[in-house]
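The following exercises are to be worked with the sequence and the coordinates at hand. Each task is followed by a solution in steps.

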Amino acid sequence: MNQKFRYCTAIVALWGTCAMAQQDTISLKEVVISDTKFEQSKEKSGKIIEKISAKDLERNTGQSVATILSQAVGLEVNGNQSANGKNLSYFIRGGRNRQVLIVIDGIPMTDASGINFEYDLRLLPAEQVESIEIMKGAASTLYGTGAASGVINITLKKAAKKEIAGNAYMHLGTQNTSENFRGNPQDFNQGIGLNGTVDKIDYYASLNSTETKGISQATGENFEEDRFSRVNALAKIGFQATSKLKLDFFGNYDRMKTDYDGPFDNVNNPDVLENISLSEQFRFGFNPKYKYKKGVFILNSGFTLLERSYDEFSSFSGAIDHYVYTSRSVSVDAMNKYNFHKNFFLIVGTQFQFHDMKTQTPFDEINRENAKFNLVDPYVTAVFNSKFGLHINAGARLNLHSVYDNQLVCNVNPSYHFKELPLKIITSYSTAYITPSLYQLYSPFGNLDLTPEENATAEVGFEAAFWKKKITLNAVGFYREESNSIGFFFDPETFDSYYVNIEGENRVRGVETTINYNITTKLRVTGNYSFTDIPEELNRLIPKHKGNVALDFNANERTLFSMNYQYVDGRRDAFFDGGTFATTDVFLGSYQLLNGLVKYDVLKNRMTLFGSVINILNEEFEETIGYNTRGRNVKLGFTFLF
């Protein structure tokens with residue numbers, strides 16, 4: 001019997017014995033958090049979940065989702081300080097894109113035609129976002145494949161309570177590296193939204209666009225500017241059919257076009273004028289919610305059609321090659337929360353996913369009929385909250401895949417809240433899986449014998465409040481293992497190339513801590529620090545030490561001053577030499593960023609002006625070998641509410 005299966009069975013059995021032995025109950029104060037998929041008070045959560053609220057997003061007006069996320073403890077988004085069209089890499093606890101699941105309004109996001117099933121956050125404008133929750137650790141029990149090192153749970157904006165409301169905004173900014181400065185605007189971001197509630201119907205609609213030029217992705221003298229263009233349209237409509245039944249529908253269209261440079265390899269000139277990529281995403285879904293006396297039933301369903309195309313100059317033929325990658329994804333997650341008692345509820349659900357892809361390139365073609373799979377995952381999570389402070393969250397999920405054998409994952413998450421101190425102690429053990437992608441299974445390099453990557457995370461930590469709760473402090477120590485990882489095999493003699501499961505384990509350990517201090521009602525200081533000890537096999541672009549400090553001062557009801565400082569430790573990168581065909585390690589130095597923002601309500605609750613300066617000290621640094629980063633830049637803008 002699989003060792004992790006035995007662990008899961010024992011943990012779930014132990015949880016049941018402990019939970020049913022307790023009879024004292026208390027009521028829940030409900031807020032939205034990610035560790036149950038339903039509303040539960042943060043006080044009773046056994047995880048330390050970082051929430052980026054609407055107010056936090058306002059303090060970061062004018063920044064991208066990637067830049068905002070990169071300020072969270074333990075989360076690194078490589079590429080957020082580069083040109084807008086630069087590819088992004090996400091790192092949580094040593095895990096990278098394929099191990100970090102992004103969820104938008106309850107729907108897991110993915111590009112099923114990509115090598116690693118990862119989602120491209122460049123498609124999402126920050127102006128559509130209401131809040132973000134970041135839950136670290138293996139979370140496949142609730143969220144399925146990909147939730148191996150963390151989940152980024154994004155909630156988009158919703159309708160206002162009044163009949164009609166709306167907003168319009170415009171931002172203008174410079175786009176400079178540290179070596180050049182031009183004062184004229186090169187970054188244009190604008191949008192409009194309309195929403196409200198009329199009787200039993202609520203609605204939300206927004207249109208956003210971004211146009212950027214000014215710097216080249218690749219580093220080089222007199223390299224051409226790489227343009228970035230994005231358009232986003234989002235529509236939501238809801239109908240309160242009865243006092244118990246709510247029906248919600250959504251649809252959105254995202255289009256992103258960007259110039260991109262060639263590889264930095266000491267042979268080819270990376271400054272290629274002809275390289276252009278275009279991504280178009282269509283999404284729609286239906287999300288009914290039914291409340292009854294002892295619980296609630298929710299169905300989160302969504303369909304995604306995503307097409308990526310590339311026009312790329314070939315140095316071998318001297319012609320422009322055309323590549324097209326198209327994917328379709330369906331996700332249906334039916335879940336029911338049933339309250340057996342005030343101190344005990346059970347979540348039972350089943351998630352269905354279907355993915356297919358087709359590709360057309362100068363070298364190969366993959367047909368949709370041959371590249372598809374589905375997953376059916378039943379899962380259960382039980383939550384117990386005692387009167388005296390003990391809270392337990394435990395569950396399991398069985399992954400039923402159309403290609404490989406079944407996979408079982410589990411979690412147990414006990415915590416204890418000392419109300420008199422106040423202090424909360426948390427512990428958890430959880431496992432996760434990552435399914436092989438369609439490309440890894442069905443491409444010319446595919447291997448149908450691949451099995452899922454396995455991950456396990458253990459953590460222990462605390463959360464405490466001091467001085468009449470003016471100061472809050474939390475810290476978590478974690479240990480993560482990943483095994484059966486999927487890698488690429490190449491035989492230099494026979495030239496055989498295909499994806500394989502890699503034997504052995506990689507182990508990552510570290511510490512994450514956050515402190516918040518409300519000095520006065522107007523002045524707040526927050527800070528976080530993360531330490532990540534990474535094995536050599538995973539050590540690329542991940543800083544061992546990283547810290548952030550933010551200072552927010554509300555001078556009066558209308559004026560906000562905000563400053564934030566970020567330190568990113570030195571990182572290791574890999575450089576491929578096109579002349580020798582050798583890959584060598586390079587070290588990228590540490591860097592520090594200081595940013596500032598001022599906001600002023602010209603008309604209270606009606607019109608706001610803001611100005612920000614990014615990289616005030618004009619620090620010169622590298623995020624990725626061979627690519628530019630932004631120097632000192634200024635952004636001005638306004639938001640008008642109606």
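**Exercise 1. Identify the contacts of Leu69, then place this residue within the nonpolar cores.**

Solution. The model is a predicted one.

Step 1. Leaving aside residues up to four places away in sequence, Leu69 touches Ile52, Leu75, Val77, Leu121, Ile132, Ile134 and Ile152.

Step 2. The largest nonpolar core holds 34 residues, and Leu69, Leu121 and Ile154 are the ones that touch the most other members.

Step 3. The greatest contribution to this core comes from helix α3 (residues 65-69), which supplies 4 residues.

Step 4. A second core, separate from the largest one, has 18 residues, including Ile49, Ala147, Phe345 and Val383.

**Exercise 2. Determine how the radius of gyration of the protein relates to the globule rule.**

Solution.

Step 1. Count the secondary structure: the protein has 5 helices and 34 strands.

Step 2. The radius of gyration is 25 Å, close to the 26 Å given by the globule rule for 642 residues, and therefore the protein is as compact as a globular protein of that length.

Step 3. Along the principal axes, the C-alpha atoms fill a box of roughly 75 × 65 × 45 Å.

Step 4. Buried residues account for 54% of the 642 residues.

Step 5. Of the contacts between residues at least 6 apart in sequence, 62% join residues at least 24 apart.

**Exercise 3. Describe the accessible surface and the charged side chains of the protein.**

Solution.

Step 1. The accessible surface is about 28300 Å², and carbon and sulfur atoms own 58% of that area.

Step 2. There are 66 positive and 73 negative side chains.

Step 3. The centres of these two sets are 13 Å apart.

**Exercise 4. Locate the residues Lys37 and Phe117, which have positive phi, and state whether Phe117 is buried or exposed.**

Solution.

Step 1. Lys37, a residue other than glycine, has a positive phi near 75 degrees. Lys37 is placed in the loop between α1 (3-20) and β1 (50-52).

Step 2. Phe117, also not a glycine, has a positive phi near 60 degrees. The loop that contains Phe117 runs between β5 (107-109) and β6 (129-136).

Step 3. The relative accessible area of Phe117 is 14%. Buried means under 20%, so Phe117 is buried.

**Exercise 5. Which residues does a cis peptide bond join, and what is omega?**

Solution.

Step 1. The cis peptide bond is between Leu421 and Pro422, with omega about -15 degrees.

Step 2. Pro422 belongs to the loop between β20 (407-418) and β21 (423-434).

Methods. Residues numbered from 1 in each chain as written. Predicted model: local features only at pLDDT ≥ 70, side-chain atom pairs only at ≥ 80, totals over all residues. Heavy atoms only, no water. Helix = DSSP H or I, 4+ residues; strand = E, 2+ residues; numbered from the N terminus. Buried < 20%, exposed > 50% of the residue type's maximum accessible area, 1.4 Å probe, protein only. Rg over C-alpha atoms; globule rule 2.2 N^0.38 Å. Contact = heavy atoms within 4.5 Å. Areas by Shrake-Rupley, 256 points an atom, 1.4 Å probe, with all protein chains shown as cover. Lys, Arg positive; Asp, Glu negative; His and termini not counted. Charge placed at Lys NZ, Arg CZ, Asp CG, Glu CD. Core = buried A, V, L, I, M, F, W, Y, C linked by side-chain atoms within 4.5 Å.
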